Amino acid sequence: MDPHSLYLPALRVIEDTLRATDGPVIMAVDGRCGAGKTTFAAFCARIFENCAVFHMDDFFLPPEKRTAQRLAAPGGNADYERAEMELLIPLSQNREAVYRPFDCASMTFGPPRRVPPVRLCVVEGTYSLHPALAKYAGIKIFFTCSPQTQLARLAHREPPEKLEKFREIWIPLEEAYFTGLNIAAECDVTVDTTLLPL
């Protein structure tokens, strides 16, 4: 199956929104890990002019914010406050964004990245449609796949110890977020990539 054929409904929404809007357009690409969010975002960056991609992994919740109360809330392990202040507010106002990507390996912030205003801002990653962020998204896309496909793809790309963390920690947190906040139902398009090869 050609993945681009699965993208067509989402691409039509993007094109229609860009035609109907003069200012910057923010698109959130949320969904399950292993479903193809990052691949789709990179595809959009290649085919749309003046497009920039941002990753929710850069807004992982730092240790000092990881309280039991915060982590118990759906989507609480994303630093959505910082994503809003450093990224979405300035870009939605057609201003330069300056943000510090968080490195999960070292648990430290990287040097600031400066991004000029763009026509299409793609924010990809689980938690990109957290209620604190969804209000900025003019386009909302949800990527999904079957649990079996998800685990097969993760096993293909991750070492065994990281795969176990996905099984035990990250996937349950994602599912609690999707269910608790009804994320897929809020989206313009759902893209199911189950039938795509690894």
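How are H6 and H7 oriented relative to each other? I shall answer that in a moment, after a few words on the model as a whole. Please keep in mind throughout that this is a predicted model.

The protein contains 7 helices and 9 strands. Along the principal axes, its C-alpha atoms fill a box of roughly 45 × 45 × 30 Å. For 198 residues, a compact globule would be expected to have a radius of gyration near 16 Å, and the protein agrees, with 16 Å. Of the 198 residues, 47% are buried. Among contacts with a separation of 6 or more, 73% are between residues 24 or more positions apart.

Let me now return to the opening question. The axes of helix H6, residues 147-157, and H7 come within 11 Å and cross at roughly 135 degrees. An angle over 145 degrees would count as roughly antiparallel, and 65 to 115 as roughly perpendicular; H6 and H7 are therefore oblique to each other. The crossing of H6 past H7 is right-handed. On the H6 side, the residues that meet H7 are Gln-150, Leu-151, Leu-154, Ala-155 and Arg-157. Their partners in H7 are Leu-163, Phe-166, Arg-167, Ile-171 and Glu-174. Sorted by class, this contact comprises 6 nonpolar, 1 polar and 3 charged residues.

I turn next to a single side chain, Phe-43, which is placed in helix H2, residues 37-47. Is Phe-43 buried or exposed? With a relative accessible area of 10%, Phe-43 is buried, since the cut-off for that term is under 20%. Beyond its neighbours within four places in sequence, Phe-43 is in contact with His-4, Tyr-7 and Leu-11. Phe-43 and His-4 are 39 residues apart in sequence, yet their C-alpha atoms are 9.1 Å apart in space.

Finally, I would draw attention to two backbone positions. Most residues other than glycine have a negative phi. Met-107, which is not a glycine, has a positive phi, near 55 degrees. Met-107 is found in the loop between strand E4, residues 102-103, and strand E5, residues 108-109. Its relative accessible area is 36%, so Met-107 is partly exposed.

The second position is Asn-182, again not a glycine, with a positive phi of about 55 degrees. Asn-182 belongs to the loop between helix H7, residues 160-181, and strand E9, residues 189-192. At a relative accessible area of 44%, Asn-182 is partly exposed.

Terms used. Residues are numbered from 1 along each chain as its sequence is written. This is a predicted model: local features need pLDDT of at least 70, side-chain atom pairs count only at pLDDT 80 or more; totals for chains, interfaces and linings use all residues. Side-chain values use heavy atoms; hydrogens and water are left out. Helices (H or I, at least four residues) and strands (E, at least two) are DSSP runs, numbered from the N terminus. Buried means under 20% relative accessible area, exposed over 50%, partly exposed in between (1.4 Å probe, protein chains only). Contact means heavy atoms within 4.5 Å. Axes are lines fitted to C-alpha atoms, for helices over the stretch in contact, and angles run from 0 to 180 degrees between N-to-C directions. Angles under 35 degrees count as roughly parallel, over 145 as roughly antiparallel, 65 to 115 as roughly perpendicular and the rest as oblique. A crossing is left-handed if the near helix is turned anticlockwise from the far one by less than a right angle, and right-handed if clockwise. Ala, Val, Leu, Ile, Met, Phe, Trp, Tyr, Cys and Pro count as nonpolar, Asp, Glu, Lys and Arg as charged, and the others, Gly among them, as polar. The radius of gyration is taken over C-alpha atoms; the globule rule is 2.2 Å times the number of residues to the power 0.38.
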